[in-house]
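Please work through the following exercises with the sequence and the model side by side, and try each task before reading its solution.

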Amino acid sequence: MKSICTLIILLGLFHSSGELARGQAVIEGTVKLAKAQSPEVINKRYALSGEPAVIIPDPPSAVVYLEGDFPRKTALPRAQMAQKNLEFDPLLLAIQVGTTVEFPNQDETYHNVFSFSKPKRFDLGRYRGDEVPIPTQVFDKPGAVALHCDIHEHMRAIILVLETPYFLKTDALGHYRIGNLPAGHYKFKAWLDSKTTLERDVELKSGATLHVDFP
């Protein structure tokens, strides 16, 4: 009798997991990435407003995301934007609104991370690798935030703050596959830079994979 009950429970769990899998949608495809900018263009550090005229990932990459009215999580995992080998790591970080980002210094020199971007203006000041606690910032407004180091002028990175929990950075060739998506009608977007966001209307079906390329 005990073995029969165990079998029934296992079958129930298998059925539930199967229903969950069938309730999820997947989008995959390729984003045509922009060509790499010349050093002369990249080194135009600020516009008259105090921030870059166009915030462009270098090297070229994109972030795809699903836009819709989704419930906001009460607790978001922390993200990291490290300074390592005199570079930011990663160079492009996508997060959801409300996320706390840590800025650990993993070099043996000082760094001074700051941004003039409207969604998040801040200046962490100079700090070493043994700084405790690790400097952090909460990103509470959507938009692209261009990062710089006041000590090392060549250092640049981008934090893209999104209002959706469904997003993914493409690989170096523009390929992506994003899963665990809810069924329904949405706008699916590809962010290339602060002036260029492509979009498609998509109809997601439970258990189905949709192929979407940009452009």
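The exercises below concern a predicted model and move from a sheet to one of its strands and then to a single residue.

**Exercise 1.** Determine in what order the four strands of the open sheet are arranged, and which strands stand at its edges.

Solution. Begin with the order, which reads 13-2-15-16, with antiparallel pairing. Strand 13 (167-169) and strand 16 (196-204) each have a single partner strand, so these two stand at the edges and one side of each is left without a neighbour in the sheet. From one strand to the next, the twist averages 20 degrees.

**Exercise 2.** Work out how many bridges join strand 2 to strand 13, and how many join strand 2 to strand 15.

Solution. Take strand 13 to start with: three bridges join it to strand 2 (residues 63-67), and the two run antiparallel; here Val 64 has Leu 168 of strand 13 as its bridge partner. Turning to strand 15 (residues 184-193), five bridges join it to strand 2, again in an antiparallel arrangement. Four of the five residues of strand 2 are buried, so this strand is largely enclosed by the rest of the structure.

**Exercise 3.** Decide whether Tyr 65 is buried or exposed, and find which residue of strand 15 stands opposite Tyr 65.

Solution. Tyr 65, which lies in strand 2, has a relative accessible area of 10%; because buried means under 20%, Tyr 65 counts as buried. Opposite Tyr 65, in strand 15, stands Lys 189. Beyond its neighbours within four places in sequence, Tyr 65 is in contact with several residues, including Leu 162, Phe 167, Trp 191 and Thr 197. Finally, Glu 199 is 134 residues from Tyr 65 in sequence, yet the C-alpha to C-alpha separation of this pair is 9.5 Å.

Notes
Residues numbered from 1 in each chain as written. Predicted model: local features only at pLDDT ≥ 70, side-chain atom pairs only at ≥ 80, totals over all residues. Heavy atoms only, no water. Pairing = 2+ DSSP bridges. Axes fitted to C-alpha atoms, helices over the stretch in contact; angles between N-to-C directions. Buried < 20%, exposed > 50% of the residue type's maximum accessible area, 1.4 Å probe, protein only. Contact = heavy atoms within 4.5 Å.
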